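Hello, and thanks for taking a look at this one with me. Below are some notes on strands and backbone geometry, set out as numbered points.

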Amino acid sequence: MGSKVVFLLTRDTHLYGFVEDSTLWRSEDYGTSFTRVNFSSSAVVQFIYKSPVNKDKIILTDQIHPCLYISEDEGKTWATSQIGFEPEKLYMHPTLENWVLGYTIMMYKLYVSSDLGKTWTVLKEDVAMQIYWAVEGEDENPLTVHFEYQNIMDDMNSEYMSCIAPTCIDNTPDKSVGTINFMSLKVHNEYIFVQKSTYTSHDLYVSYKRGPFRRAYFPLNVHPKDFDIIETSDNQVFIAADHKENMVTLYLSDVTGQFYVPCLERVVADVEPGYLDVDIYKVKGIRGRYIANQYWTAGNSTVIKTFISYDKGGNWVPIQVPKDQKSKCVDPNFCSLHLHLTYSNVYYTTPRIEAEEGAPWLIFAHGSIGNSLNPHQAQLYVSRDAGLTWSKPPLDGQYRMNIIDHGGAVTAIQYSNKELTNIVHFSSDEGTTWQTHKFADKEIYVDGILNSPDITTLVVSVFGRLGGEKGRLMVKLDFSQVLTRQCTLMDYLDWSPGAKISQHNCIMGQAVTYERRNQFSKCYNGPNYIRKKPASICLCRPSDFECDYGYEKTMTGDCTPTSWYDHSNIHWHCKEGEMYNKTRGYRLIASDKCTGGLSTSSMYRSVPTPCPVAAPRGLMLSTSKTTIALGTNAIFTLTQKSGSKLGTTYTWSFSDNGRSEVDTGLANTTRKYHRYTKTGYFNVTVIAMNTNGSAVCRVLMSVEANITAVLALAPWGAEVGRLTQFNVTLCCSRNQTDFGPTHFVWRYGDEEEGSHPYLTWSTTVSHRYNKTGQYNVTVQAVNSVSSVLTTYPINVYNNITIVRLHFTPNIDHFSSGSFDWRYTTSQLICLKLSELLYVQSNRLMVSIPQIHPTTADLTILPNDHGGLSVEQVVKELQQKVSLSQIRFQLITADDAIGIINVDIIKGNVTSWVPASSPTFQVSTVSHTHSVEVKSTASVPVSVYIIVPLIVIAVGALVAVLIVYIKRKHKQDARYSLIMNRQQGETVLAVDDDDDEDFMGGGENIFESPDGDNNIIISSGVYDKGDSCLQFDNVSVSLLYWNVITRLPSITKLESTLPERKRYCTHDWGQAEKRGDLEAFPISNQRINLWYPRPKNKIQNVLVWKIKIYK
């Protein structure tokens, strides 16, 4: 016995469809009376969801106050569940009553609940709204969820995935299909469909019984571009396809859903980009019976005609004109009944066809009689034999129809949203005669009619809006007072839907018989009535076969090959040397149930044939990125449009190591991963080859170094009104220098709020400050594969002085011109001048341009905390230079370097880096030309960013790196310390003030995160005897340093103290000694480097630069 509980949800919607207010009503007597369900005053219910397993379990969704209202007793009581997402869509499990999926469209998140929505967890993020629970009997695990995984960087493509709730354990049956069209996933019974499109093709792929995805084959003389799956029951796919030829065709598949043959062309359809809805109706309760509308050309116009098929599209015939209506035919030879289907309902608001599975013989539809369908004429017609014959009931106009009591009674209410009514028409003889009943005192605009889903009762409910006043009305109509007698055996007869169609009473291989009430018996069936009788299986006859893929029916009824059929273009999915069943042109209709008969005839049976070998064609290699970072995996996808794939060999060449990779079978080589160990351009080539031919495809890859750090060489101070020059050097954890085209985004700290940053391709820029103060200079380096940000302060003064230093010529004998040499030498000079001029080292800046002969620029900052003035420092410098008192040693005491002359620069550029930079070429993969960029001190090139490059491509990464650097600065301990030998290996807690004591003001520590946020670059100079470098709280993998010391001879330096050392902590068992250098691994967090005083007691100068990779 069905439930008598009825829910009525009234909603007030916004102009754009949003629900603003709602009220839920509940009835326990099938609509006789209603009570209001009280929630909180602010509750707004959008949708009602009912468990298909247990009718007592119901969920209401409230998106405005993200929550659910849950009932487990068919709405008697409700519990509120506050959730952390907007429940825009729920998916009730088809077999497990407490499992629910929840989806939020705006966040692309899929949630899962195992307790009917009380608690939720995230199942998967970045999910498109194509979501399906497991299909019973097809998926091994009932908690399997099928969905599209949406790449947020590619809004046109998705990936098919399936996983097991609630932790989303991946169980995707086949990932080789790769990316698919967005919102193209369909899961129906044993079939999974996805669509893949390129600029030239739109292909459907199908997985049968959760096996690998196979390309679906349609006739090769047409080009499908969109699909509408109509039905997948009875082991066959009934599908419609829209073609580039502006034609929609119905197709039937084989059992696997891979090969399709046409059954009706030029079908009427609603076609929009990415959307297809065909004008076809499946007769409920009868296998294989369809009604469809088709376009026909009549002179210069196009008309619509209606056809019916009794064998699932094998044959289509016009619908016969009712006998009493033939007088309306202008030309009896071209006259039939044409019906309004879905298309007319959408565009002309004509009522839909009314039929029920509980009374499959009874169909009510609106249509017109003539040569074609009249879109503006719609009269009511009824069929009492499932569409074979029709008659005109004595009702004029359009009506909302309802079938009740297994077809024992029918109601009709005039169909119009603009006209008021309170009249219902009632028939107990399948529409032959009608009674009229006034169902309410007030007329209403009828919105709908409800009856029980299984049409087992004599009760219907009419609901609508009151005319002339606000409010709604729902009226329960109980016709048990009209039909008071329950039917007996004498009131029933047998009916077979194939009796007048086939002489053997067989349709689709079965003879089906239904028991139905006599049309004119005045009785009711009741809720427990069972009407269908067991079906009998028929012998296979010619009508049970159809032409196979690549064949078409001739006038004689034989199946012959089509002109477009090319056997070699079909992927038969069999290995060379094995056998497959080759068609003779016929195949049994997949949903047909017949056995024996012609199925054993050689004419209809397939022929065992060796698997064909076809040359590979349409080989295509693709990758998501043609420019990648050094050391990262490049992902390649290989596809082949046609030809043999299983036995074909595929040879891959990545052009970087001279070796090739060979795979057999496309399935084993569809996706490849390759990591490049050097930068440059590389041609990736794939050659497919078998005994019948070969194919080649290739793609050009660009590999660039990942920028891991930006070392900024900038002054500590600048002068108001004068150009200050900044320079950056890029670093890579792999010691690479090929970063590809790199641009730099600068902010100098004095910009107005909302101004754009400064963009340049040069590593050198100039800027003029107009006010004194401290500013934070920020530079971001961006190439095709990485982006790194660094920030440092600069003080701007009213007046600073720059002095150019000229050295004795022998300095060029020791100069390598490298960045390391110039940097360490400038530090040594700065320390020496600080000592000789009696000034703090942080007031002095020394830079050595990369020019010959070697000179240096000394910048003297104003004195803010006492001491010598700038003028006094300059005077002291000039005096000592004139007396040849400024000398220092780079290598030995015999090779002293002196400052022989100084010039006070009066120009307008503060030289911290070379005054000019060499011209260089910038080239990109996507352009065929190169851009020459010159960096000058006086005319910097400014490019202002107006497009959303910085906002989208850089902004997110900038924010992440800024947060990281700040946290890193706060959390990391100091990594460098120079100690006196007498302090031994004691661990010291060093304060900031220790820098001056140990380093003489010359220590500089730069921390710069690489791609793994691990690199620390430290450098310094020490010249007070025994030296020890200690690094605390760091796990060291690689350690490098340079040492320059005062030894008696250069020969000894080369033989006993190599310039560059490398150690790996996993190789250290105990202290190692290399010449005069010792390395002591104290623990996994601390490293000591000890350099003792030489035996000759000559003063030792240790200049060090260390890179630590955590």
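1. A definition to begin with: helices (H or I, at least four residues) and strands (E, at least two) are DSSP runs, numbered from the N terminus. Please also keep in mind that this is a predicted model.

2. With that naming in hand, let us turn to N505, which lies in the loop between β42 (492-495) and β43 (510-511). Its phi is positive, about 60°, although N505 is not a glycine. Is N505 buried, partly exposed or exposed? The relative accessibility of N505 is 22%, so the residue counts as partly exposed; the cut-off for buried is under 20%.

3. S884 also deserves a visit. Here phi is near 55°, again a positive value in a residue other than glycine. S884 sits in the loop between α4 (870-882) and β71 (887-889). As background for this point and the next, most residues other than glycine have a negative phi, and most peptide bonds are trans.

4. Now to the cis peptide bonds. One of them runs from A165 to P166, with omega near 5°. You will find P166 in the loop between β14 (157-164) and β15 (169-170). Another cis bond leads from H852 to P853, and its omega is near 0°. P853 belongs to the loop between β69 (844-847) and β70 (855-860).

5. Next, strand β63, which covers residues 743-747. Why can β63 be called largely enclosed by the rest of the structure? Four of its five residues are buried, which is why the description fits.

6. Which strands does β63 pair with? One partner is β66 (residues 773-782), joined to β63 by five bridges in an antiparallel arrangement. If you would like a specific contact to look up, R747 has T778 in β66 as its bridge partner. β64 (residues 758-760) is also antiparallel to β63, with three bridges between them. In that pairing, V745 stands opposite L759 of β64.

7. Finally, there is an open sheet of four strands, in the order β27-β28-β29-β30, and its pairing is antiparallel. Its edge strands are β27 (280-282) and β30 (317-318), each of which pairs on one side only. Between β27 and β28 (residues 290-298), which run antiparallel, there are three bridges. For a residue to start from, try Y281: its bridge partner in β28 is I291.

Note on methods:
Residues are numbered from 1 along each chain as its sequence is written. This is a predicted model: local features need pLDDT of at least 70, side-chain atom pairs count only at pLDDT 80 or more; totals for chains, interfaces and linings use all residues. Side-chain values use heavy atoms; hydrogens and water are left out. Buried means under 20% relative accessible area, exposed over 50%, partly exposed in between (1.4 Å probe, protein chains only). Two strands pair if DSSP finds at least two bridges between them.
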